[in-house]
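Reader: I'm new to protein structures and would love a close look at a single part. Could you pick one and walk me through what surrounds it?

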Amino acid sequence: MALFDRLKDQAKSLQQQAQGGRGTTGGHGPQSGSRTGSPGGSRAQLVGLLKNQLGSIKTELKSGAYRDASMAMCALVAAADGHVDASEMQQMESMILSNEVLQNFPPEQLRQRFHKHVEQLTRNFPQGKAEVMQDIAKAAKKPTEARAVIQTGIVIAGADGHFSQAEQMVLQEACVALGLNPAEFQL
């Protein structure tokens, strides 16, 4: 639960920065103010805060690199535990297609990319993971997009109310692929 409290605090901070100082992509280094003893909100609140923060920069997230990296991130989170069953695929697809930011893209493009990555990951996880990380790294050129890919991954990982160690580990690896410090996201 402490991880979700830290992520919630960070999401609030990022949302405030987005509202007050949009247009600057620098200065989002590791968050200084860790926790101040505020009562922890629920995982649903955290997911909601991150969704709101992503929604506030929706117009900046229209590139093919963001689309590809986000679908790779969603597939990696879905397969983090080594398998993806049919119901999990359906649930993930539903979350992807209903995500406000991802509505910038045609649903069929999202669906195709997500399924391609899931197939790669379930066929041969180490090889699939290497290929997925290449797509994730496409967003590294734009810090706003890179951070949004990680935030999208956190939203997807936390949407089921359970943030597993495997999901946290793949998010950390994705941070490295994007040139971001995992500590910035309390990972």
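Author: Happy to! Let's begin with a word we will need throughout: two residues are in contact when they have heavy atoms within 4.5 Å of each other. The second word is helix: helices (H or I, at least four residues) and strands (E, at least two) are DSSP runs, numbered from the N terminus.

This is a predicted model, in which local features need pLDDT of at least 70 and side-chain atom pairs count only at pLDDT 80 or more, while totals for chains, interfaces and linings use all residues. Residues are numbered from 1 along each chain as its sequence is written, and side-chain values use heavy atoms, with hydrogens and water left out.

First, a glance at the whole. The chain has 8 helices and 0 strands, and reading along the sequence gives the pattern α-α-α-α-α-α-α-α. Of its 187 residues, 49% count as buried; buried means under 20% relative accessible area, exposed over 50%, and partly exposed in between, with a 1.4 Å probe and protein chains only. Among the contacts in the chain with a separation of 6 or more, 78% are between residues 24 or more positions apart.

The part I have chosen is helix H4, which covers residues 86–98. Its 13 residues reach 18 Å from the first C-alpha to the last, close to the 18 Å expected at 1.5 Å a residue. That expected span is 1.5 Å times one less than the number of residues.

Now look at its sides. The buried residues of H4 are Met89, Met92, Glu93, Met95 and Ile96. Seen down the axis of H4, they fall within an arc of 160°, so they line one face of the helix. The arc is taken from the directions that run from the helix axis to the C-beta atoms. A general rule helps here: an α-helix has 3.6 residues a turn, so residues three or four places apart point the same way. On the face of H4 turned away from the buried side you will find the exposed residues Ala86, Ser87, Gln90 and Ser98.

What lies over the buried side? The cover includes helix H3 (64–78), helix H5 (107–123) and helix H7 (143–158). Try Glu93 as an example. Glu93 lies in H4 and is buried, with a relative accessible area of 18%. Leaving out residues up to four places away in sequence, Glu93 touches Arg111, Phe114 and His115.

Next, step back to the loop between H3 and H4, where Val84 sits. Val84 is buried too, at a relative accessible area of 17%. Beyond its neighbours within four places in sequence, Val84 is in contact with Ala78, Ala79, Met89, Val118 and Thr122. Its C-alpha atom is 9.4 Å from that of Glu119, although the two residues are 35 residues apart along the chain.

Two residues in the covering helices are worth a visit. In H3 there is Ser70, which counts as buried at 0% relative accessibility. Ser70 touches Leu102, Val149 and Thr152, not counting residues up to four places away in sequence. In H5 there is Lys116, which is partly exposed with a relative accessible area of 42%. The C-alpha atoms of Lys116 and Ala75 are separated by 8.7 Å, with their positions 41 residues apart along the chain.

That leaves H7. It has 16 residues and reaches 22 Å, close to the 22 Å expected. Of those 16 residues, 15 are buried, so H7 is largely enclosed by the rest of the structure.

H7 also packs against helix H8 (residues 165–177), at an angle of about 175° and with the axes 10 Å apart. Axes are lines fitted to C-alpha atoms, for helices over the stretch in contact, and angles run from 0 to 180 degrees between N-to-C directions. H7 and H8 are therefore roughly antiparallel to each other; angles under 35 degrees count as roughly parallel, over 145 as roughly antiparallel, 65 to 115 as roughly perpendicular and the rest as oblique. Where they meet, Ile150, Gly153, Ile154 and Ala157 in H7 face Glu167, Leu171, Ala174 and Cys175 in H8. These contact residues divide into 6 nonpolar, 1 polar and 1 charged, where Ala, Val, Leu, Ile, Met, Phe, Trp, Tyr, Cys and Pro count as nonpolar, Asp, Glu, Lys and Arg as charged, and the others, Gly among them, as polar.
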